[in-house]
Amino acid sequence: MRNDTLSRIGTAVGLILILVWCLLPVAWIISLSFKSQEAVTNGSPGFFPSSGGGAGWQNYVDVVKDDQFRQAIFNSIGICLIATLLSVVIATLTAYAVARLEFKGKKFVLTTALVIAMFPVVSLVGPLFDMWRTLGIYDTWIGLIIPYMSFTLPLAIWTLSAFFREIPWEMEQAAQVDGATAWQAFRRVIVPLAAPGVFTAAILTFFFAWNDFVFGISLTSTERARPIPAALSFFVGDDPFNRPASLLAAGAVVATVPIVLLVLFFQRKIVAGLTAGAVKG
Amino acid sequence: MAAIEMKNIVKKYGDGYPAVNDVSIDVADGEFVILVGPSGCGKSTLLRMIVGLEDITSGDMLIDGERVNDLAPRDRNLSMVFQNYALYPHLTVYENIAFPLRLAKLDSKEIDEKVREASRTLDLDEHLDRKPANLSGGQRQRVAMGRAIVRDAKAFLFDEPLSNLDAKLRGQMRTEISRLQKRLGITTVYVTHDQTEAMTLGDRVAVMKKGVLQQLASPRELYEQPANLFVAGFIGSPPMNFLPATVEGDQITLPFGTFPLPADKAERTAGKGLLMAGIRPEHFEDAAVQADVDEARTFDAHIDVREWLGDQQYAYVPYDAEPEVQDQLRELAREADSDSLRTQLVVSLDSASQVREDDEAKLSIDTDKIHIFDPSTGENLTVGL
């Protein structure tokens, strides 16, 4: 009994420690975003804005009113969604082939995918910059979508093929006996069953694309395609030596919101054990 | 509805091992045929070749007179119940049953009618909105059957459908399948390793071993006229007793003594050296409970273990056999997926019998019902007698 209470208290303390450790920076950014620019410049060490130093929602209003920022948000959402969609579709088909079919070069595909994932992103920026300029896709959406896709595909393929392997062969055979073509069996039985895997892959891909800074800043030059992380770094205001810290903080919070919403939304979808009951288990 | 003809079907895998070797079976329209055999005998492979999930190496598969070797499963219009049911977990029971109809692009009114009819037949009405994960084993089994009967397939194929159910449910579902098949009158091929299912369900039973068809006959014929040692040992529970035997004149010598043998049996087997006699447990009896006992057909036995079941009882009588006979018996048991640790006789006695364990008893033997096999080929020398 005593041990029980003790271990419960221990768990709680541990959880709180981890939460504080993880969320303190986030909390601080939020606190900063509500302080006025003057208060930050003059030094406002408290967590809550000192009296008269609060800015209310003004920073957010300023951020959202900023054309550059709005364009960056739009770029980021568009680029990330397209990259995610393409990556997931391609990965689903590839992973299915890897999991189900015997073909020459299967090992090669898997190994290559892994090698790509291990490649340091930075080392590719130079060549890509040159290639993209030659091809005329420098500073365009497609110029960012392609690298995002290729860097997230390996992970998506590996995740999804693991999911496909879990689905019993009989599901598909039953569908075929029931009169389905291979494509119908795939679309109506296999994909719905692999849905948790598809969502997982989608989220991972979206995260990677959303959080990328290196490609975002090197492969763009104007707000035509510049994504949020890169845009934030250009958010310097009038005086380059005196950065608008509270505005930046508000921008960072706005940039985080879509990711949080996405996770909350998809969390319900990522339900393991969807296949329970398909076959005797 | 259709007849299924298999002509010299061979299935060889990549390593050249024939999983199914030269099997020819004709399944008549509306017939219920069982494929039975120990694990690895190729029965499931054969079934999967009928439905088209497995390629046929050589031979012809005809459904309704049409060669279907190269047709995809969906073009053969057969329905199949899988061993693990293979229900679609993301669909409700209703949608599971409706799945083949939706693929066939029927309009929703027709689909609804057919699904409701199938669900009524299988007593699934109250479960239509549930997901397979929330159903019991027997209910899942019925959903799988619902999916099979809902469309007008040419034949039903069952791949060990009851092996995942507990014993009681298995008995119920067995009767259910039998009733359903008779009512729908649809051609059915049913794979099982359980000889009770084979005997009770089938119009005809095909016994297979190592990819080769051993015997194709009615359950009664299999039991009373097994073609060879394997069939004799596989069909029947407890299994047939195999004893080393020699026949001289019209006398058969077994490890327990020498007994008179009917003339027709003696004629075919006399003077052939060491043979293998097969006697079913029920062809022994406790002489003490029989009215008129032929003294020549009795022997004294030491009862080792007795199992009283109420309506009958089994007694075990150990005996010594020469090593080569023991080896052959062990081989036989291994082929039939069972294990015999010692050479012993299993006899089925009347429940009134008062034999006691670890005691002597006088048993009678019905030599009219004896089967005599050639030990080298396994062939039944007394078939038809």
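In this predicted model, helix α4(A) meets helix α10(A) through two runs of residues: S76(A), I79(A), C80(A), A83(A), T84(A), S87(A), V88(A), A91(A) and T92(A) on the α4(A) side, and V198(A), A201(A), A202(A), T205(A), F206(A), A209(A) and W210(A) on the α10(A) side. Sorted by class, this contact comes out at 11 nonpolar and 5 polar residues, with no charged ones. As for the geometry, α4 of chain A covers residues 67-100 and α10 of chain A covers residues 195-211, and the two pack at an angle of about 140° with their axes 9 Å apart. Angles over 145 degrees would count as roughly antiparallel, so at about 140° α4(A) is oblique to α10(A). The crossing of the pair is right-handed.

Moving on to the contact between the chains, 22 residues of chain A touch 26 residues of chain B. On the chain A side, the elements that supply two or more residues are α8 (169-177) and α9 (182-193). Helix α8(A) makes the largest contribution to that side, with 6 residues. The class breakdown for the side of chain A that touches chain B is 12 nonpolar, 7 polar and 3 charged residues.

Then there is the packing of nonpolar residues. The largest nonpolar core has 149 residues, and the members that touch the most others are L160(A), I50(B), L157(B), V189(B) and A277(B). Helix α7 of chain A, residues 141-166, provides the largest share of this core, namely 12 residues. A second core, separate from that one, holds 17 residues, among them A39(A), A231(A), L247(A) and A249(A). Back in the largest core, A277(B) is one of the members with the most contacts to other members. Leaving aside residues up to four places away in sequence, A277(B) touches L243(B), A245(B), I252(B), L254(B), I370(B) and I372(B).

Chain B as a whole can be summed up in a few numbers. Its secondary structure consists of 10 helices and 21 strands, and the C-alpha trace spans about 75 × 45 × 35 Å along its principal axes. Of the 385 residues in chain B, 43% count as buried. Contacts that reach across the sequence feature heavily here: among the chain B contacts with a separation of 6 or more, 70% involve residues 24 or more positions apart.

How values were computed
Residues are numbered from 1 along each chain as its sequence is written. Chains are lettered from A and ligands numbered from 1 in the order in which they are written. This is a predicted model: local features need pLDDT of at least 70, side-chain atom pairs count only at pLDDT 80 or more; totals for chains, interfaces and linings use all residues. A nonpolar core is a set of buried Ala, Val, Leu, Ile, Met, Phe, Trp, Tyr and Cys residues joined through C-beta atoms within 7 Å. A residue is buried if 20 or more other C-beta atoms lie within 10 Å of its own, exposed if 12 or fewer, and partly exposed in between; C-beta atoms are placed from the backbone. Helices (H or I, at least four residues) and strands (E, at least two) are DSSP runs, numbered from the N terminus. Two residues are in contact if their C-beta atoms, placed from the backbone, lie within 7 Å. Ala, Val, Leu, Ile, Met, Phe, Trp, Tyr, Cys and Pro count as nonpolar, Asp, Glu, Lys and Arg as charged, and the others, Gly among them, as polar. Axes are lines fitted to C-alpha atoms, for helices over the stretch in contact, and angles run from 0 to 180 degrees between N-to-C directions. Angles under 35 degrees count as roughly parallel, over 145 as roughly antiparallel, 65 to 115 as roughly perpendicular and the rest as oblique. A crossing is left-handed if the near helix is turned anticlockwise from the far one by less than a right angle, and right-handed if clockwise.
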